[in-house]
Amino acid sequence: MTASYLSGRLAPVPDEIDALDLPVEGTLPPELTGRYFRNGPNPRPGEEPGHWFVGHGMIHGIRLREGRAEWYRNRWVRTTRLDGAPYLGDKGVDLAAVPANTHVVSHADKIFALVENGLPYEMTPELDTVGPCDFGGRLATAMTAHPKEDPVTGELHFFGYGWAPPYLTYHRLSAAGELVETREVEVPGPTMAHDFAITANHVVWLDLPVVFDVNLVGRSMPYRWDDLYGARLGVMSRRTGQVRWFEIDPCYVFHVGNASEDEQGRIVVDAVRYAPGAFQAFWPTIGGTASPAAHTGGAALHRWVLDPATGVSKDEALDDRDVEFPTVNETLTGLRSRYLYAVTKDAIVKYDTGAGTSVAHETGDRTPGEAVFVPAATDGAGGTGGSGDEDAGWLLSIAGTDDGAELLVLDASDLSQVASVRLPRRVPAGFHGSWIPDA
C-alpha cells in the first residue's frame, strides 16, 4: 500500500517549473509587493523516505508586485543530503546532510530554509540554494525550524536539540545576523522539542514526553510517547539564563501561537495542545498509510498561565475545534496580542482571545495551509491598513485540491476573501512559510 505522504494531497510533484503572469481573481492589494515562500517535504520521483517529515525540502514561491502575480516557481533546497550525503557517518552527525524541509524565514537580509535536525540553508530571493550556514563557524548544533524574531530588538532567538548531550541549547542572533549568545539549557533527556516561545523578558521551553528512542532509528521517526518522562514548561530569564520549571498535565505541542507577559508579570502561552491519547493516535499516521492531512489529530487551542513569583501554573482550553499551524501578527511576537489564526482541514479560523470568540472562513473542498499574517502598511495603502488595529492586514494561505492549488488572500479583519492567485500546478500539503516584502 502506498504511504499516505506519497499520495493524495501530500503526493510530491515530480519536477521544478516556472510560470509567469499568474491569473488573479479579485484584486490583489498593491502593497503586497514581495514574495510568499512556503516549504514542505517533496521526495524525488521513485524515492520512499520512510516518513512524511524527512522528504527533501521544496520551496514554492509566488512573486507579487503592485497588484500582479508576476511568477510562480518551485525549487528543491539543494542540500548535501539531496546529493546523497548521509546524516550519520564515520565522523558522526553531518548537520548539513538534512532535508531543510520545514520552514523558510528571513533575517538580516538573508533567507533560510530550516529543519530542526541540522543547519539552516541560505537561499536567494529567486530560490537558488547558496548553501548551509553555521554563522561563521559559531553554530555547532542544529537550528529549530521555529526561530522567533523579537519585534522590539530585531534579534532572532532560536535553539537546537539533539539525542546526545547537550540535549537543548539556546542561541541568539543579533539584528545584524551575528551569533552573539549560546547557552545550554539543562533537561533530563532527549525529547522532540519542535517549538518554543519568547516574551519581552523570557524564553519559554516545552519539555514534553515525546522522547528519542534509539531502537526506532532507521525504522521511523525515532521519537515516541513516554508516560514516565513527565511534562514541563520552563520560563528562562533572557537576562540571566535562569530557568523556572512548571509541571503541567502530560500533552504535546508542535506549535505555539504566541506568548506574553501580563500586567501581573505572569507568562501567558497560547498553543495547539495534543492530549496524550490524541497524540498517540495521530503520530503513527504521519509515517503510515492514513493521511495526516485529513485531520489534526484532536489538537485544540489551549492557554497556560505561569506565575514565576509563586510557581503556580493554570491552564484552560480556549476552543475544542481541531486546528493546527497557529499564527499571529509577528509585529507582536512575545507581546500581548488579541488575535490568533489557525487552520482546519477545510477552514481558516480567527480567534479573538480577548472576547473568547472565533470565526471561520470555509474553504470547501480546498485544504488550506498555514495562514501567514501580513500587516497592512501604516500609511493605509491598499485600503485596509492605516488603522493601527492589530488585525489590519491580510492572511496568505496556499489551498490545495487533488489536482490544483491557489494562493488565497483574505482580509484578516473579517476573513473575507480579497483575491486568489491560481497556481500552475498542484502544491502538496506542506508545513510553514513566510511573506518576505521588498525592502
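## Exercises on a predicted model

Y170 faces R183 of β15 across the strand pairing. Keep that pair in mind for the first exercise; the model is a predicted one, and you can follow each step in the structure above.

**Exercise 1. Work out the order of the strands in the sheet that holds β15, and find which strands sit at its edges.**

Step 1. Start with the partner of β15: strand β14, residues 168-173, pairs with β15 in the antiparallel sense over 5 bridges. Y170 and R183 are the opposite residues to look for here.

Step 2. Now widen the view. The sheet is open and has 4 strands, running β12-β13-β14-β15, with antiparallel pairing.

Step 3. Look for strands that pair on one side only: these are β12 and β15 (179-184), the edge strands.

A reminder on what holds such strands side by side: strands of a sheet pair through backbone hydrogen bonds, either parallel or antiparallel.

**Exercise 2. UniProt lists H146, H194, H255 and H432 under "binding site". Are they gathered or scattered in space?**

Step 1. Note where the labels come from: an unreviewed UniProt entry gives "binding site" for these four histidines.

Step 2. Set sequence against space. The four span 287 residues, yet no two of their C-alpha atoms are more than 12.8 Å apart, so they gather at one spot.

Step 3. Place two of them. H146 sits in the loop between β11 (129-132) and β12 (148-149), while H432 sits in the loop between β34 (417-422) and β35 (433-437).

Step 4. Check burial, using the cut-off of under 20% relative accessible area. H146 comes out at 7%, so it's buried. H432, at 2%, is buried as well.

Step 5. Go through the contacts, skipping residues up to four places away in sequence. H146 touches H103, H194, D195, F196, H255 and H432. H432 has contacts that include R38, N39, H103, H146, H194, H255, F325 and E370.

Step 6. Finish with the link between the two: the side chains of H432 and H146 make a polar contact at 3.3 Å.

**Exercise 3. Describe the setting of D270: which side chain does it meet in a polar contact?**

Step 1. Find D270 in strand β23, residues 267-273.

Step 2. Its relative accessibility is 6%, so D270 counts as buried.

Step 3. The polar partner is R303, with the two side chains joined at 2.7 Å.

Step 4. Beyond its neighbours within four places in sequence, D270 also touches V256, G257, N258, H302, L318, L340 and T353.

**Exercise 4. Which residues have the most contacts inside the largest nonpolar core?**

Step 1. The core in question has 72 residues, and the ones with the most contacts inside it are M192, W205, Y252 and L395.

Step 2. Ask which strand gives the most to it: that's β27 (residues 339-343), with 5 residues.

Step 3. A second core, separate from this one, has 24 residues, among them Y72, A376, L396 and V409.

Step 4. Zoom in on M192. Leaving out neighbours within four places in sequence, M192 is in contact with E116, Y161, V210, M221, Y223, Y252, F254 and W283.

**Exercise 5. How many disulfides does the model have?**

Step 1. Pair up cysteine sulfur atoms within 2.5 Å. The count is 0 disulfides.

Step 2. Look at two cysteines for burial. C133 is buried at 10% relative accessible area, and C251 is buried at 0%.

Note on methods:
Residues are numbered from 1 along each chain as its sequence is written. This is a predicted model: local features need pLDDT of at least 70, side-chain atom pairs count only at pLDDT 80 or more; totals for chains, interfaces and linings use all residues. Side-chain values use heavy atoms; hydrogens and water are left out. UniProt positions are given in the numbering used here, feature names are shortened, and annotations may be inferred rather than shown by experiment. Helices (H or I, at least four residues) and strands (E, at least two) are DSSP runs, numbered from the N terminus. Buried means under 20% relative accessible area, exposed over 50%, partly exposed in between (1.4 Å probe, protein chains only). Contact means heavy atoms within 4.5 Å. A polar contact is a pair of N or O atoms within 3.5 Å; within protein, one must be able to donate a hydrogen and the other to accept it, and residues adjacent in sequence count only if both atoms are side-chain atoms. Two strands pair if DSSP finds at least two bridges between them. A nonpolar core is a set of buried Ala, Val, Leu, Ile, Met, Phe, Trp, Tyr and Cys residues joined through side-chain atoms within 4.5 Å.
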